[in-house]
Amino acid sequence: MIRSAIVDRPISAAALIAEVSATGSGAISLFLGTVRDTNEGRPVSGLDYSAYIAMAEAELARILGEASERFDAPSLVVEHRVGSLALGEVSVGIAASHAHRSPALGAVGYMIEEIKKRLPIWKMERYSDGTQEWVENAQARADAGVTLPPSQ
Amino acid sequence: MSVVTVRLFASYAELFGGPTLDIPLENGDTVGDLLEKVRTLPAASQLPRDPLVAVNRTFATADSPVTPGDEVALIPPVAGG
C-alpha cells in the first residue's frame with residue numbers, strides 16, 4: 001500500500017494506521033503535524049494552508065517513491081491538508097508499516113523532513129490580536145531544485 | 001514571439017496583485033531569462049534574489065529551458081508540514 005494525497009477535510013490518524021496495517025507488519029510508525037497555539041511567543045488562533053495542488057501532489061508522490069526506495073518498501077500513506085485549520089487540528093499525517101521498526105521509523109522521519117523542505121504549500125498564520133502573516137519553514141531550502149539532476 | 005503565463009501563489013500573488021503574470025517568451029529562453037523579465041516589473045523588487053521556479057510541476061534551475069505551453073510557477077518560500 002502506497003498512497004499520497006492533498007486533502008481539504010480532517011485527517012484521521014486511525015484511518016491512516018488502518019490503511020498500512022497488515023499481519024506481515026512488525027511495526028507501524030505514525031507522525032502527525034498539529035496546529036500549535038504559539039509561534040515565536042505570539043498567540044496563534046489558526047492557520048490557513050494553501051497549495052499549488054497539482055505540483056504538491058506530484059512532489060508528494062516523488063517523496064513517497066524516494067522513501068520507499070530508501071527504506072526497503074514499507075507500506076506508506078501520507079495526507080496533507082489545505083484550508084483553514086483550528087488549534088490542535090492535524091495538518092499532515094504520515095503512516096508507515098514494515099516487518100521491522102527501523103524502516104518504518106526511518107521512512108516517516110524522511111518524509112516529514114522532505115515535506116518541510118520541498119512541498120509547494122504555504123501557511124498564513126492568524127494571531128489572536130487579529131493580525132496575520134505568511135510564515136516560512138526554517139527548513140525551506142532556497143535550493144529545493146537541487147534534488148533534481150542539473151539540466152544539460 | 002509568444003507569451004508564457006506564470007502562476008503565482010501566496011505572498012507572490014499578493015505582491016503582484018493577482019494569480020498570474022503574462023511574460024513574453026522568446027525562442028531559447030531559459031528560466032533565468034524569464035526571471036530577468038519578471039524583475040522589470042515594479043513589484044518584483046520585493047522578490048528574493050533567487051526565487052524558486054517550477055516548470056511543468058517540477059523544480060527548475062536557472063538554465064532550464066522554457067517553451068510555449070509549459071506550465072511555469074513562481075514558488076514562494078514553502079511552509080508545508
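This is a short tour of some pockets, contacts and charged pairs in a predicted model.

**Stop 1: the largest pocket**

Start in chain A and select Arg36(A), Leu47(A), Lys116(A), Lys123(A) and Glu125(A). Among the 18 residues that line the largest pocket, these lie nearest its centre. The pocket has a volume of about 330 Å³. Now colour the strands: S2 (27–34), S3 (38–39), S4 (42–51) and S8 of chain A each give at least two residues to the lining. Which strand gives the largest share? That's S4(A), with three residues.

**Stop 2: Glu125(A)**

Keep Glu125(A) selected and show strand S8, residues 121–127, where Glu125(A) sits. Glu125(A) is buried but has no salt bridge. Its nearest side chain of opposite charge belongs to Lys123(A), 5.0 Å away. Next, bring up Asn39(A): its side chain makes a polar contact of 2.9 Å with the side chain of Glu125(A). Other residues that Glu125(A) touches include Val44(A), Leu47(A), Thr131(A) and Glu133(A).

**Stop 3: charged pairs in chain A**

Side chains of opposite charge can pair when their charged atoms come close. Hold on to Glu133(A) and add Arg42(A): their side chains meet in a salt bridge, 2.9 Å from N to O. This pair links distant parts of the chain, with Arg42(A) in strand S4 and Glu133(A) in strand S9 (residues 132–135), 91 residues apart. Arg42(A) counts as partly exposed because its relative accessibility is 27%, and Glu133(A) is also partly exposed, at 37%.

Then hop to Arg81(A) and Glu89(A), another salt bridge, where the closest N and O atoms are 3.0 Å apart. Is Arg81(A) buried or exposed? Arg81(A) is buried, because its relative accessible area is just 9%. Its partner Glu89(A) is partly exposed, at 27%.

**Stop 4: over to chain B**

Select Glu71(B) and Arg57(B), whose side chains meet in a salt bridge of 3.2 Å, N to O. Both sit in loops: Glu71(B) between strands S4 (58–59) and S5 (72–75), Arg57(B) between strands S3 (52–55) and S4.

Now pick Lys37(B) in helix H2. With a relative accessibility of 18%, Lys37(B) counts as buried. Add Asp29(B) and you'll find a polar contact between the two side chains, at 2.6 Å. Lys37(B) is also in contact with Ile23(B), Pro24(B), Leu25(B) and Glu26(B).

**Last stop: Gly28(B)**

Finish at Gly28(B), in the loop between strand S2 (20–25) and helix H2 (31–38) of chain B. Gly28(B) is exposed, because its relative accessibility is 65%. Select Pro65(B) too: the two C-alpha atoms are 6.8 Å apart, although 37 residues separate them along the chain.

Terms used: Residues numbered from 1 in each chain as written. Chains lettered and ligands numbered in written order. Predicted model: local features only at pLDDT ≥ 70, side-chain atom pairs only at ≥ 80, totals over all residues. Heavy atoms only, no water. Helix = DSSP H or I, 4+ residues; strand = E, 2+ residues; numbered from the N terminus. Buried < 20%, exposed > 50% of the residue type's maximum accessible area, 1.4 Å probe, protein only. Lys, Arg positive; Asp, Glu negative; His and termini not counted. Salt bridge = Lys/Arg side-chain N within 4 Å of Asp/Glu carboxyl O. Polar contact = N/O pair within 3.5 Å; in protein donor to acceptor, adjacent residues only side chain to side chain. Contact = heavy atoms within 4.5 Å. 1 Å grid on protein atoms, 1.4 Å probe; cavity = no way out; pocket = protein on both sides within 12 Å on 5 of 7 lines; lining within 4 Å. Points joined across faces, edges and corners; volume = space filled by probe spheres on them. Lists of a residue's contacts leave out its neighbours within four places in sequence.
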